[in-house]
Amino acid sequence: MILVINPGSTSTKVAIFEDDVKKVQETLRHDVEELERFNDLMEQEDFRKEAILKFVESNGYKLEDFDAIACRGGILPPLESGTYIVNEEMVDYLKNKTRVKHASNLAAVIGYSLSGGKIPVYITDPVSVDEMIDEARLSGIPEIERLSLAHALNIKAVAREVANQLGKRYEELNMVVAHLGGGISVTAHEKGRMIDVNNANDEGPFSPERTGELPVGDVAKLCFSGKYTKEELKKMFIGKGGVVAYLGTNDVKKVMEEGTEEEKFIIDAMVYQIAKEIGGMCAVLKGKVDAIVITGGIANNVEVVEKIKSYVFKFAPVFSVPGEFEMEALAKGALRVLKGEEEAKIWGEKK
Ligand SMILES: Nc1ncnc2c1ncn2[C@@H]1O[C@H](COP(=O)(O)OP(=O)(O)O)[C@@H](O)[C@H]1O
Ligand SMILES: CCCC(=O)OP(=O)(O)O
């Protein structure tokens, strides 16, 4: 039995798997006001842990029933794709050293605490999976290096699934995979390695709640305008940027269902930027692309997917895999280790 933990900014997804069969999954919603009483993300540890314990017990399980706890990986320093055993050093890094505050940082911290050292705890394909080629790392100034921060967990799982549909292994194909959620990652995969990604926090298309790439001169002006604090600017770029900045909502589904033509134009502009990023990643693969894959919540909307297709269909066959499969991917990552199909990697911070 595997307990899966995946915290988001306002909820924690939890699930229990028996082998690769999901027995139960719930999204434990946390009241925004409740979360606001914590000054720091890590202060939420006990609060979220209690909610998870309640979920376990109310479904008739005890912690001792689990062979492993599978957690969404947080923002660790760049690392290879795979399943990692959670250890003291990783927990310390996520609690005290990580450079980016992200709800996923809580998962391994909570899992490790719940395990009490008695159950193995794993993370698989965290946000900071980094398989970028060297030429992709340069930003244009030596002080800034491009970072590989993407929805790696879902993206890798979906890429494997599409490869399967094509009767091939992920490692045999070249693909461009775009995850379209609250944030957007567009990624180029060459024979099983994710060789370039737009950092879903800072680059690429605008998304339902992030600006993505911005004209740098204007950003510099904003920063020195005296109108905003550093925190306000960060919020403006991640959380209050993109679709929500134009329309006051980050809900693409609602805009597509109820929006006016003017409101839908914002989604068209987002689609345009997504298509441009996909085209760029096709160039990264030198035009040798076996599949373009569109996944994430927004991929549920056929109209949006068709619009993206209308730009990129000449580059490669386009597959739509709506939604996300993070819970399944986490359970499978832990299972591969439990069954001895894969060896868990040991993470250690490079000094
Ligand atoms: N059927 C749908 N049609 C269009 N957009 C959708 C649909 N379902 C979800 N979305 C949109 O997907 C976005 C959230 O994607 P999701 O992958 O669930 O986000 P997160 O990154 O928070 O996990 C929201 O803008 C939501 O409105
Ligand atoms: C930073 C890349 C991963 C990411 O954006 O995850 P969320 O959409 O869950 O914040």
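**Ligand 1 and its surroundings**

Colleague: How far is an oxygen atom of ligand 1 from a polar backbone atom of Gly 182?
Modeller: This is a predicted model, where local features need pLDDT of at least 70 and side-chain atom pairs 80 or more, while totals for chains, interfaces and linings use all residues. Residues count from 1 along each chain as written, chains are lettered from A and ligands numbered from 1 in written order, and side-chain values use heavy atoms, without hydrogens or water. As a polar contact here (N or O atoms within 3.5 Å), the Gly 182 backbone pairs with a ligand 1 oxygen at 3.0 Å.

Colleague: Which residue has a polar backbone atom 2.7 Å from an oxygen atom of ligand 1?
Modeller: Not Ile 298: a backbone N or O of that residue sits 3.4 Å from a ligand 1 oxygen. The 2.7 Å pair, again with a ligand oxygen, goes to the backbone of Asn 250.

Colleague: OK, and what percentage of ligand 1's exposed area does the protein bury?
Modeller: Start with ligand 1 on its own, which exposes 580 Å² (Shrake-Rupley, 1.4 Å probe). Of that, the protein covers 69%.

Colleague: How many residues of the shell around ligand 1 are charged?
Modeller: Surrounding ligand 1 (a heavy atom within 4 Å) are Gly 181, Gly 182, Pro 208, Asn 250, Asp 251, Val 252, Lys 253, Gly 297, Ile 298, Asn 300 and Asn 301. Gly counts as polar, Pro, Val and Ile as nonpolar, Asp and Lys as charged. That splits the shell into three nonpolar and six polar residues, and the charged ones number two.

Definitions and conventions:
Polar contact = N/O pair within 3.5 Å; in protein donor to acceptor, adjacent residues only side chain to side chain.
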